[in-house]
Amino acid sequence: MKAVSYPQPGGPEVLQLVDIAEPEIKSNELLVAVEAISIEGGDIISRNSQRLQAGETLGYAAAGTILEVGAEVTEFVVGQKVATFNWRGAYAERRAVAAYNSFPIPEGLDPRIAAAIPVGPGTAAWAFHLGKLQPGQTVLILGAAGGVGMAAVQLASRLGARVIGTGTRPESLEKLREFGLSDAIVVGENQAGEQVRELLGGNKVDLLIDTIGGDALPDGIEVLKEGGTAILIGILAGRNQMIDAEYLLLHRITLIGCLLGPEWGEKQIARDLVNELMVMAAKGELIVPIDSTFPLEQVVEAHLRAETRGRLGRVFITVE
């Protein structure tokens with residue numbers, strides 16, 4: 001079957017369409033004919049820095065139709081549409097994936113949108129579950145225009161929170177106001193902290209959602225209230241960042257790493273959240289904007305587009 005791999009980590013140009021063996025499923029897995037692939041930030045990190053094992057292909061998130069179910073699987077049937085997640089295998093004509101990492105697609109929901117929901121909106125929902133965001137509180141979302149950030153803006157607004165979002169492009173942040181963004185902070189050479197303190201008249205935020213990492217994390221932590229919580233989701237701006245442990249201690253700050261993938265195999269509530277998001281998307285209550293769509297054969301062009309600054313919306317790949 002056709003799939004996407006690469007000989008060594010690097011830029012989009014390393015991606016290649018290759019022939020690999022058909023996947024064989026285990027007793028707890030599904031075999032899915034892939035129809036739509038959502039390009040995730042993790043895909044880009046993997047392509048840039050991680051080597052693939054023999055026979056592996058790139059990709060986290062894909063949606064399609066079930067071709068076969070494992071002997072232990074009781075909650076899915078052949079012919080059903082599902083969105084799926086795994087650390088590898090999305091960029092292919094067919095993938096094998098654990099049933100607990102699969103989610104029914106409601107009737108009428110675009111498979112591209114469904115493919116994007118588990119990782120982006122799912123992570124945002126799980127972050128708010130971990131951070132216990134309450135109506136009337138203030139949340140600061142670092143990287144509000146990204147896939148997780150846009151979903152976080154919508155979910156926090158629906159909950160009744162004040163939503164402050166950061167980004168590098170004012171035009172992108174302005175567009176987020178229609179999704180529920182209360183206040184926009186444009187960052188450049190300087191981080192967001194000073195602007196947030198000025199915006200709030202010296203007050204601080206209840207919850208920090210950091211989709212960026214790097215220097216943005218300690219800067220964001222410093223605008224948390226006493227006893228506040230920081231949820232770390234992304235590390236695109238840097239993996240090895242110094243955190244002042246004394247500051248965390250003295251200000252009773254809770255710092256939580258949010259990695260949703262393993263939770264689906266361990267916690268039913270994590271799977272329930274994604275199923276709820278699917279229903280919301282089908283009803284139009286959760287919006288996943290589409291920037292562009294490419295066929296599998298144009299995976300290089302798709303990744304180039306996904307890395308374009310100023311883009312607002314998801315980039316997808318479809319499989320015929």
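Which side chains meet in a salt bridge at 3.9 Å, N to O? In this predicted model, one such pair is Glu266 and Lys267. The two partners fall into separate accessibility classes: Glu266 is exposed, with a relative accessible area of 57%, while Lys267 is partly exposed at 33% relative accessibility. The value for Glu266 is over the 50% cut-off, and Glu266 is therefore classed as exposed.

A search covering the whole structure returns 17 salt bridges. Among them is the pair Glu22 and Arg94, whose closest N and O atoms lie 2.4 Å apart. This pair links distant parts of the chain, with the two positions 72 residues apart in numbering. Glu22 belongs to the loop between strand 2 (16–19) and strand 3 (29–38), and Arg94 belongs to strand 6 (residues 94–98). Arg94 also forms a salt bridge with Glu93, where the closest N and O atoms are 3.9 Å apart.

The accessibility of these three residues was computed as well. Glu22 has a relative accessibility of 42% and counts as partly exposed. Glu93, at 23%, is likewise partly exposed. For Arg94 the value is 22%; buried requires a value under 20%, so Arg94 counts as partly exposed.

A further result concerns the salt bridges taken together. For Glu266 and Lys267, the salt bridge has an N to O distance of 3.9 Å. Through shared partners, Glu22, Glu93 and Arg94 are joined into one network of salt bridges.

At the level of domains, the protein chain is divided into domain 1 (2–117 + 289–318) and domain 2 (120–257). Taken over C-alpha atoms, the centres of domain 1 and domain 2 are separated by 28 Å. Contact between them involves eleven residues of domain 1 and 14 residues of domain 2.

The size of an interface is often given as the accessible area lost when the parts come together. Between domain 1 and domain 2 the buried area is about 980 Å², and carbon and sulfur atoms give 63% of it. On the side of domain 1, Ile45, Arg309 and Leu312 supply 48% of the area buried against domain 2, more than any other three residues.

Polar interactions across this interface were also counted. Zero salt bridges are found between domain 1 and domain 2, whereas three residue pairs are in polar contact, both residues being at pLDDT 80 or more. The side of domain 1 that touches domain 2 consists of five nonpolar, three polar and three charged residues.

Technical notes:
Residues are numbered from 1 along each chain as its sequence is written. This is a predicted model: local features need pLDDT of at least 70, side-chain atom pairs count only at pLDDT 80 or more; totals for chains, interfaces and linings use all residues. Side-chain values use heavy atoms; hydrogens and water are left out. A salt bridge is a side-chain nitrogen of Lys or Arg within 4 Å of a carboxyl oxygen of Asp or Glu. Helices (H or I, at least four residues) and strands (E, at least two) are DSSP runs, numbered from the N terminus. Buried means under 20% relative accessible area, exposed over 50%, partly exposed in between (1.4 Å probe, protein chains only). Domain bounds come from an automatic or database domain assignment. Contact means heavy atoms within 4.5 Å. Buried area is the accessible area (1.4 Å probe) that two parts lose on being put together, summed over both. A polar contact is a pair of N or O atoms within 3.5 Å; within protein, one must be able to donate a hydrogen and the other to accept it, and residues adjacent in sequence count only if both atoms are side-chain atoms. Ala, Val, Leu, Ile, Met, Phe, Trp, Tyr, Cys and Pro count as nonpolar, Asp, Glu, Lys and Arg as charged, and the others, Gly among them, as polar.
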